[in-house]
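This briefing covers a nonpolar core, a surface patch and selected residues. Please have the sequence and the 3D view to hand.

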Amino acid sequence: DLREIETSVSFETICSGAADVIMDRCNTAIGRKPRIIFAIAALGGQAYYDTRAAGNGLKKGTVTYAEALRLVKGAHDISSALGKRLVVLAQVVLHGEQDFSNGTTVENYMRALNQWQSDFETDCQYITGQKEPIPQYVTQVNRGGTSIGVVANPAIAQLEAPKQNHK
């Protein structure tokens, strides 16, 4: 059972829950749990372009983005030491509520998602040496609207972005 730890409180999030489901389904389908590394770099309440303080936000050049790459590099180093090849299979993003609250337009959020996917793929391919593409799977917990029938701009952008980046 996977758990994230923040300070002294242990809890399970959608990310560790998804990892558990993936591992259990692999075990059922192929009779064993494959060697898969699940890593989480997160910072709640952040817009993609957060300008409140230097290093905020989630885009390339921020603390959270650097932490994601640090985790990939660490996983690559461990894999290499074991004589294994690391392939980053996907970037899973749970995001969007703060951008909705900030009034981010569909176009700007779609541009952000596509840039995020491209930057992450390029940086991970550089670290791992892989040629395989790295798709980005995006979701958000809350669509952000406060009225029935209101759909948040980030939710629309999350549906449209893959049509542009083909990932």
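Does Ile 22 count as buried, partly exposed or exposed, and why? Ile 22 counts as partly exposed because its relative accessibility is 39%; buried means under 20% relative accessible area, exposed over 50%, and partly exposed in between (1.4 Å probe, protein chains only).

The model is predicted: local features need pLDDT of at least 70 and side-chain atom pairs count only at pLDDT 80 or more, while totals for chains, interfaces and linings use all residues. Residues are numbered from 1 along each chain as its sequence is written, and side-chain values use heavy atoms, with hydrogens and water left out.

**Core**
- The largest nonpolar core (buried Ala, Val, Leu, Ile, Met, Phe, Trp, Tyr and Cys residues joined through side-chain atoms within 4.5 Å) has 22 residues.
- Leu 69, Val 72, Val 88, Trp 116, Phe 120 and Cys 124 have the most contacts inside this core.
- Two or more residues each come from H2, helix H4 (106-128) and helix H5 (153-165), helices being DSSP runs of H or I with at least four residues, numbered from the N terminus.
- H4 gives the largest share, 9 residues.

**Contacts**
- Leaving aside residues up to four places away in sequence, Val 72 touches Leu 86, Val 88, Phe 120, Cys 124, Ile 127 and Thr 128; contact means heavy atoms within 4.5 Å.
- Ser 79, in helix H2 (residues 63-81), counts as buried because its relative accessibility is 9%.
- With the same sequence neighbours left out, up to four places away, Ser 79 touches Ile 37, Lys 84 and Leu 86.

**Helix H1**
- Ile 22 belongs to helix H1 (residues 14-30).
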